[in-house]
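Visitor: Could you pick one part of this and take me through it closely? I'd like to know what is tucked away and what is out in the open.

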Amino acid sequence: MPTVLILGAGSDIAVALARRYAAAGFTLQLAGRNPEQLRPLEQDLRIRHRIAATVHAFDALDFASHAGFYRTLPAPPDVVLCVFGYLGSQEKGQENWQEASRILHTNFTGAVSILNVVAEDMAARGKGTIIGISSVAGDRGRMSNYLYGSAKAGFTTYLSGLRNRLWHSGVHVMTVEPGFVATQMTEHLALPALLTAQPDEVAKDIFKAAERKKNVLYTKWFWRYIMMIIKNVPEPIFKKKKL
Amino acid sequence: MRKNISNWGNYPVLNCEEVSFSMEEQLLQYVNTHDRVIARGNGRCYGDASLGEHSVSTLRYDKVLAFDEENGVFECQSGLTLDQILDIIVPRGWFLPVTPGTKFITIGGAVASDVHGKNHHSEGSFSNHIVSMKVLTGKGLTECSPETEPDLFWATCGGMGLTGIITTVRFTLKKIETAYIRQKQIKAKNLDEVLQLFEEHKHYTYSMAWIDCLQKGDSFGRSILIVGEHATKDQVAAKAAKAPLELPRKMKLTVPFNLPGFVLNNFTVKLFNALYYAKNTRRVIENTVPYEPFFYPLDAILHWNRGYGKDGFVQYQFVLPMDKKDGLVAILQKISEKGWGSFLAVLKTFGKQDDLISFPMEGYTLALDFPVRNGLFPFLDELDALVLQYGGRLYLTKDARMQERVFWDSYPNAERFREIVKTWNPAGKFRSAQSDRLNFQFA
């Protein structure tokens, strides 16, 4: 059975993805900062889907540990899902470098650090799939979340470069740009119901798109068009808006 | 984030803060820093029992923790819903020991309401099948069972979340050979006949009756009694016998928006009831059906609650002692005279009382829907007076409006329940709009 590694397995989107991949019979490697907290999910997947699952300690901000973490996995994964992220607080991050650096390093540096390791291994094996969860927030900077957005923009660009490079070694890289998703991360925000996806829908989209080797997935689908419009608003007008 | 929330009856609507958690640590942190907290599952109780200043949603806390497939013991987090549990256990030859009329409730809700099913007279309510559970009380996370911390255990079963937040539940399942029910439907022309039929069929594991409560005279209380047993392998049709634990997939209907009030009136309700009664052309029908329509006839219509319009509805479910048949007649007559009854009412018999403030007690129970309208609450107060007079009580899970005195006068163990809750929830941290309305005064 193929193996999927989920980096940041505690989030709502990660749980939905884990269940989707488990339903398809994958062996699961669940990685997160606090592996003990992932035990219930591990049990849940084993019992519901009768698949094998393991949990592993992984800290996106502990860059030095990444190579070692990857080496000690029970098997090299066929699919790697990079799901972790940190929304943080834009306002706090403007004044407080600690918050700003946590946003930047979790969403960008941490992701690059672990995916560099994964990329080397998959390139050497000549196969594999890397799926990075970026965000539509990276498509254009807005005053309300440009720290998070710029880190995700960097991640999106990193993934497109990686896709270009690894294609030549038979490795597929997919970028996922979710719009609003109803998760614990966004629970305190008033999101418009019509534009907001449930984690299950996002997971279903991702699984299907990865099977079809799509390059960039917007989920829900209409975000591609919303972002097309937003990206095309001229800067002199855009900057006057309080977005 | 604060938002307007209501439960299944769409009444009342309250502005609450709703937060969720998926890991124990997050829950502990939230409860330690907030007061006036109440757990909320899938919002299928009818009134205000899971609404309050801070509603903590358990829906993301939904992991299966253990399943002993040999002995039928299941353990999960409190936010897992019964439909998800059925999807896991039925294909492996197990069934829920007790299930209410909807599978869209969480296991935490099942415990807090101590739900009963069509098998109450034979197998008791949900609490009879719990091995142990964990509750985050005002004193911290505590494991309880009938042997360990029995006070906490029995006050949590049917305790409407007032002892704290149920986190995990371990319970026993029932072995089945097929996913089908061997059912028998019998038409009864009036109340006397259906009560007699209940008596004659009490050896059946499952029983209930649909009752048309708008009829008068000779057909007063005409109904269809439905009894059933889990079908054995040799009782299902050849096609189903190949995969006896699997059900054919079916489409679901939904009510997309609140229907305007005029759709449901005395005429349409009467018409519906007449058609429903007439659809059984023979007096007795015996057949084998999948478990879903037998246990969950309304689940096939998603959001059926919107049929009552935007003002919502309340469900009125009471129980009267077995020897108070005249009380049942008096109440039904009042409803029939008023003509405000619901589509169909559900009548069944209960076995003995389970625990402190669980709803069931040996007797007859009737559940009806009433759309919210002017004059409804005074009318229900009149019904309450009859229920009290005949020694009965109302189901807290479906209550949105009963007055304080009705509760305290009708639940004989209420005071003892309050004393136990006080020791586990000493600062009154866990409270709901309902517990405030009924004036529990923990702290």
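Guide: Sure, burial terms come first: buried is under 20% relative accessible area, exposed is over 50%, and partly exposed is in between (1.4 Å probe, protein chains only). This is a predicted model, where local features need pLDDT of at least 70, side-chain atom pairs count only at pLDDT 80 or more, and totals for chains, interfaces and linings use all residues. Residues are numbered from 1 along each chain as its sequence is written, chains are lettered from A and ligands numbered from 1 in the order written, and side-chain values use heavy atoms, leaving out hydrogens and water.

Let's look at helix α1 of chain A, residues 12–23. (Helices are DSSP runs of H or I, at least four residues; strands are runs of E, at least two; both are numbered from the N terminus.) The 12 residues of α1(A) reach 17 Å from first C-alpha to last, close to the 16 Å expected, which is 1.5 Å times one less than the number of residues. Because 10 of its 12 residues are buried, α1(A) is largely enclosed by the rest of the structure. Among those buried are D12(A), R19(A) and Y21(A), along with I13(A), V15(A) and L17(A). The buried residues pack against strands β1 (3–7), β2 (27–32), β4 (79–82) and β5 (129–133) of chain A, plus helices α2 (35–49) and α7 (199–211); contact here means heavy atoms within 4.5 Å. Just after α1(A), G25(A) takes a positive phi of about 95°.

For something out in the open, try M228(A), which sits in helix α8 (residues 223–232) of chain A. M228(A) counts as partly exposed because its relative accessibility is 41%.
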